[in-house]
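This report goes through a structure from its sheet to its helices, its core and its ligand shell. The sequence and the coordinates are shown first, and the description follows.

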Amino acid sequence: MATEPAFPFSIVSVVEDVIQKHGSSLSDINLATRKAQEASSRRNEAATWLRNTVGNVGGKDMVDEPSEQDFRIALRSGIILCNALNKIQPGAVPKVVEAPSDIDDIPDGAALSVYQYFENVRNFLVTVEEMGLPTFEASDLEEGGQSSRIVNCVLALKSYSEWEMGGKNGLWKYGGNPKPPSSEKPVVRKRSEPFTRYFSRAKSIGDKDSWLGDHSSNIDAVLHDHSEGSSIPSVYSLVREILHDKKQEEIPIIMESLLSKVMEEFESRVLTIQQQTSKTPREDKEPSKVLNSNLKSADGDEEMEENDDVELKQKQNDGVKYNGSEESSSQLLKYQNCQIIIQRQNENIQELKMIVHQTKEGMHCLHKKYMEDFVYLARHLNNIDSAASGYQKVLEENRKLYNQMQDLKGNIRVYCRVRPLEGQPNNCGIVGNVEEESISLIMPSKNGKGVKKIFTFNKVFGPSATQGKVFSDTQPLIRSVLDGFNVCIFAYGQTGSGKTHTMSGPDNITEETVGVNYRALRDLFNLSEQRKDTIHYDISVQMLEIYNEQVRDLLMTDASNKRYPFC
Ligand SMILES: Nc1ncnc2c1ncn2[C@@H]1O[C@H](COP(=O)(O)OP(=O)(O)OP(=O)(O)O)[C@@H](O)[C@H]1O
C-alpha cells in the first residue's frame, strides 16, 4: 500500500504566525538570569533522578538541590554515574571501582587518580557514547569544567530510561536518539541543528508509526531555501531573519522559545480541528487524492468515527501541525479511517491464523486419537479372532467326543414302544413288566399256564410314554448328521402298532403330539441356523414308500411316474 501521508497543514505558516505574534518577545529575554535558572533547574532534576535511581552511595545520598560544585564532586568518582547506567542497562559497566567513603571530603581540584576514578568515568563515557547519548569530558568533573554537559548527559540518561521503561514506544523526548539498529543516521545541517533536531525525532517515530515515513527529505526541503526567489518564505529564511542579529549564545534560548511557541500554536490548531470535526460530520465522500481508495469500507465508518479523537491526539503528540482547513481535515480523517481498516484487517488475519492453527492442532489430536483407537480395536479384534479360533477347535473336539460317545453307545439302537390299548388299562394282557431296557411278555402255553419271556432293548417305552420322551433318546443321533455321520431312523411293527403315530403323530397334530420326523427336522434347521456363521448346510428331503416290493416317490406330482425307477 502506498503510505503517502496527507499534510493538511503548513509548517511554514505556523512558524510565520508565531514569529508575527511573538517575534519581538522571543529575543526580549534576560539571558543571564534565564540561563542560570534553567541550569539550576536542570541540575536539580538530574540530581533528583540520580538519587532516586542509585540511592545511597558510600553512605551518602546525592545532595538535594546541589550547587554546581556539589554536583561535580558527587559525580567525579564515576560510581554514581556507573551505577545509574547499570540500572538502565544491567552490565553496561561490568566493574565499578569503589572509592572510600571520604571521597567527598577531598578538596575540589585535588587529584583523585589514586582512587582510580578515571576508570569509572572512562567506562561510563565510552558506554554512553556507544548508546548515542550526549557525553562530556572527564575534565568537566573537575573545577572549571562544563557541568552543563554533565547535566545534559544525566538528563539524557533519565529520558532514555523513561523511554525504555515505557516499552520504547512513542517519542524519546530528549534531543538525541539512541543508536538505531541500522546504520542510518539523520542528516542534520549544522546551521539548522536547533530546529532540525525536532524533525529528526519525528522521523524516529516514523520508524514505528510510519506517520512521517521517509519524508525527512521533504521536511528538510521545507526548512531550507528550496526555491530561490520564491515568494513563499521557507522556515529557514524565517528563522534566519530572526537570528541574523543575535549573538551566538542567544540562539539556543531563542530557538527553544520559538519552538515552544510553535508547539503551542500547533496544539491550538489541532484542538480547533478536533472541535470542528466533532461538530460537523464528514461530508466529503470523494476519494482522497493522497489515499488509496481501495481501502475504503462502508461498514467500518461508524466505528472509525469513534476513534477519530484518539487518532487526532496521536498526531498532536507527534508534533505535526495542521492548517485547519476543512478539506485537509477531511483528508486526514480518510487517511485515519484507512489506517484503522488496515489495522482491523491485520487483526482479523491474525485471528484467522490463530483459528487455522487451533483447527490444525485439533485435527492432529483427532488423528492421533483415531490412530490410538484403531490400534486398540485391531488388538481387540486379534484377541477375538484368537478366541474364536480356539473356540472352533474346542467345538470340533467336542463334536468328535460326542460322536465317539454315540459310537460307544452303539451304532444300531433298537427301541421298543408299547402302544396303549383303547378301552383297556395299561399293562394288561400279555405285557408283563416294563423295565428301562427290558420288557417281559406272558406267552400262553398248552397247559394253560403262561410262559413268561423277557426281551431286552436299548430302551423300552411303556404305553404312557410321550412323543417328546421317545424323541429325546433319538435326538443325539440325529445331531450327528450335521457333523457328517449317516443316521437312519425307522419304525417297524405290525399293522396298527403305532409306527405312523410315533414317526409323524396322530391325525390332529399338536405341539405335544408331533412325532419324531417333525421334531428331528426342526432340530436340524435350528442347529443349521445357529452355525450359519461358520458352516453352511445344504438340506434336501425325499419321501419314498416301499409297499408290496414297489418303491414309490411320494413327493412327485406326476402320479404316472411314482414307481421306481422314477425317470
Ligand atoms: N402310543 C400311542 N398312543 C395313542 N394312540 C396310539 C399310539 N400308537 C398308536 N396309536 C393309535 O393306534 C392307531 C393305529 O396306529 P398307527 O396307524 O400309527 O399304526 P400303524 O402301525 O401305522 O398301522 P399301519 O401299519 O396299518 O399303517 C392309531 O389310531 C393311532 O392313533
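Two strands are taken to pair if DSSP finds at least two bridges between them, and this is the sense in which residues of neighbouring strands are said to stand opposite each other below. The model is predicted.

**The sheet of strands 2, 3 and 4**

An open sheet is formed by three strands in the order 2-3-4, with antiparallel pairing. Its edges are strand 2 (431-434) and strand 4 (451-456), each of which pairs on one side only, and from one strand to the next the twist averages 20 degrees. Strand 2 is joined to strand 3 (residues 438-443) by two bridges, the two strands running antiparallel, and a hairpin of three residues makes the connection between them. Strand 3 and strand 4, which also run antiparallel, are joined by six bridges.

The residues that face each other across these strands are set out in the table.

| Residue | Opposite residue |
|---|---|
| Val431 | Leu441 in strand 3 |
| Val434 | Ile439 in strand 3 |
| Ile439 | Phe455 in strand 4 |
| Ile442 | Lys452 in strand 4 |

Ile439 can be followed across the sheet, since it stands opposite Val434 of strand 2 and opposite Phe455 of strand 4. In a regular strand, side chains alternate between the two faces of the sheet. As for the surroundings of the edge, strand 4 is hardly covered, with a count of zero buried residues among its six residues.

**Helices 6 and 13**

Does the length of each helix agree or disagree with the span expected from its number of residues? For helix 6 (residues 147-165), the 19 residues should span 27 Å at 1.5 Å a residue, and the end C-alpha atoms are 27 Å apart, which agrees. For helix 13 (residues 326-409), the 84 residues should span 124 Å at 1.5 Å a residue, and the end C-alpha atoms are 120 Å apart, which is again in agreement.

The buried residues of helix 6 are Ser147, Ile150, Val151, Asn152, Cys153, Val154, Ala156, Leu157, Lys158 and Tyr160. In helix 13 the buried residues are Ser329, Ser330, Gln331, Leu332, Leu333, Lys334, Tyr335, Gln336, Asn337, Cys338 and Ile340. An α-helix has 3.6 residues a turn, so residues three or four places apart point the same way.

Each of these helices is followed by a glycine with a positive phi: Gly167, just after helix 6, has a value of about 80 degrees, and Gly410, just after helix 13, has a value of about 120 degrees. Gly410 lies in the loop between helix 13 and strand 1 (415-417), and because 10 other C-beta atoms lie within 10 Å of it, Gly410 is exposed. Although 48 residues separate Gly410 from Asn458 in sequence, their C-alpha atoms are 9.1 Å apart in space.

**The nonpolar core**

The largest nonpolar core has 30 residues, and those with the most contacts inside it are Ile80, Cys153 and Leu157. At least two residues of this core come from each of helix 2 (31-54), helix 3 (68-75), helix 4 (79-88), helix 5 (117-130) and helix 6. Helix 6 gives the most to this core, namely seven residues, and Cys153 and Leu157 are among the buried residues of that helix.

**The loop between strands 6 and 7**

Asn548 is placed in the loop between strand 6 (544-547) and strand 7 (550-553), and Glu549 is found in the loop between strand 6 and strand 7 as well. Phi is positive in both, near 50 degrees for Asn548 and near 60 degrees for Glu549, and in each case the residue is other than glycine. Because 5 other C-beta atoms lie within 10 Å, Asn548 is exposed, and Glu549, with 5 C-beta neighbours inside 10 Å, likewise counts as exposed.

**The shell around the ligand**

Which residues are around the ligand? They are Arg419, Pro420, Gly493, Thr495, Gly496, Ser497, Gly498, Lys499, Thr500, His501 and Pro506. By class, this shell has two nonpolar, seven polar and two charged residues.

Terms used:
Residues numbered from 1 in each chain as written. Predicted model: local features only at pLDDT ≥ 70, side-chain atom pairs only at ≥ 80, totals over all residues. Helix = DSSP H or I, 4+ residues; strand = E, 2+ residues; numbered from the N terminus. Axes fitted to C-alpha atoms, helices over the stretch in contact; angles between N-to-C directions. Near = placed C-beta within 6 Å. Nonpolar A, V, L, I, M, F, W, Y, C, P; charged D, E, K, R; others polar. Expected span 1.5 Å × (residues − 1). Buried ≥ 20, exposed ≤ 12 C-beta atoms within 10 Å, placed from the backbone. Core = buried A, V, L, I, M, F, W, Y, C linked by C-beta atoms within 7 Å.
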